[in-house]
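Colleague: I should be grateful for a close look at a single part of this model, followed by an account of how that part sits in the whole.

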Amino acid sequence: MRKLYREKLRVIEAYQWFKNGDHPLDSPDIATDPSGVKIMGEGKIVGFYKEGDNNHYNDDFSKPCSVCNKSLKIHGSIEEQGVKLRVCPGSWIVTNKDSYKVMSNDQFIEQFELVEE
Ligand SMILES: [Zn+2]
């Protein structure tokens, strides 16, 4: 006899990231650049994406991102289960218990819709 199940609905917390400081828990410090100008420091959840951050990609900062085709200099970096991952502008940061998961906008809108409170 055939048995069918429907996936349980679950509510998740997520934020779309476009630039440093976008995640509500980023609370970046104010830093000072070498010329003495005050700048926004690195986010605490999504940090700056730096060369060598991710060994899954062969990063060449002179070339655009292989995923979104934007400059790697405007990307973020987040640690997911001990591995640093690249965050493309427009990606979603999904709170997953006590860690975070990065999803592309396409993946996210396929799986989730906004819950009106
Ligand atoms: Zn990208």
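Colleague: Which residue stands opposite Glu13 in β7? Please begin from that position and then describe the surroundings.

Modeller: The residue opposite Glu13 in β7 is Thr95. Please bear in mind that this is a predicted model. The position belongs to the pairing of β1 with β7, residues 91-96, where 5 bridges join the two strands and the direction is antiparallel. These strands are part of an open sheet of 3 strands, ordered β1-β7-β8, with antiparallel pairing. At its edges are β1, residues 13-17, and β8, residues 99-103, each of which pairs on one side only. On average, neighbouring strands in this sheet are turned by 25° against each other, direction being ignored.

The same surroundings lead to the nonpolar core. In general, nonpolar side chains in soluble globular proteins tend to be buried together. In the present model, the largest nonpolar core has 13 residues, and those touching the most other members are Ile45, Val46, Ile78, Val87, Ile93 and Val102. Two or more residues come from each of β6 (83-87), β7 and β8. Val102 illustrates the contacts: beyond its neighbours within four places in sequence, Val102 is in contact with Ile78, Glu80, Leu85, Val87, Ser91 and Ile93.

A second sheet should be considered alongside this core. Its 3 strands form an open arrangement in the order β4-β5-β6, again with antiparallel pairing. Here β4 (47-48) and β6 are the edge strands; each has a single partner strand, so one side of each is left without a neighbour in the sheet. Between β4 and β5, the latter covering residues 76-80, there are 2 bridges in the antiparallel sense. Within this pairing, Gly47 has Ser77 in β5 as its bridge partner.

Two further positions complete the local picture. Asp29 is placed in the loop between β1 and β2, the latter being residues 30-32. Because Asp29 has 9 C-beta neighbours inside 10 Å, and 12 or fewer is the criterion, Asp29 counts as exposed. Its C-alpha atom lies 5.0 Å from that of Gly41, although the two residues are 12 apart in sequence. Glu110, by contrast, lies in helix α1, residues 105-111. Glu110 is likewise exposed, since 10 other C-beta atoms are found within 10 Å. Glu110 and Asp98 are also 12 residues apart along the chain, but their C-alpha atoms are separated by 23 Å.

As for the whole, the protein chain contains 1 helix and 8 strands. In sequence order the pattern is β-β-β-β-β-β-β-β-α. The radius of gyration is 17 Å, well over the 13 Å given by the globule rule for 117 residues, so the protein chain is more spread out than a compact globule. Along the principal axes, the C-alpha trace spans about 70 × 35 × 25 Å. Of the 117 residues in the protein chain, 19% are buried. Finally, among the contacts with a separation of 6 or more, 38% are between residues 24 or more positions apart.

Conventions
Residues numbered from 1 in each chain as written. Predicted model: local features only at pLDDT ≥ 70, side-chain atom pairs only at ≥ 80, totals over all residues. Pairing = 2+ DSSP bridges. Helix = DSSP H or I, 4+ residues; strand = E, 2+ residues; numbered from the N terminus. Axes fitted to C-alpha atoms, helices over the stretch in contact; angles between N-to-C directions. Buried ≥ 20, exposed ≤ 12 C-beta atoms within 10 Å, placed from the backbone. Core = buried A, V, L, I, M, F, W, Y, C linked by C-beta atoms within 7 Å. Contact = placed C-beta atoms within 7 Å. Rg over C-alpha atoms; globule rule 2.2 N^0.38 Å.
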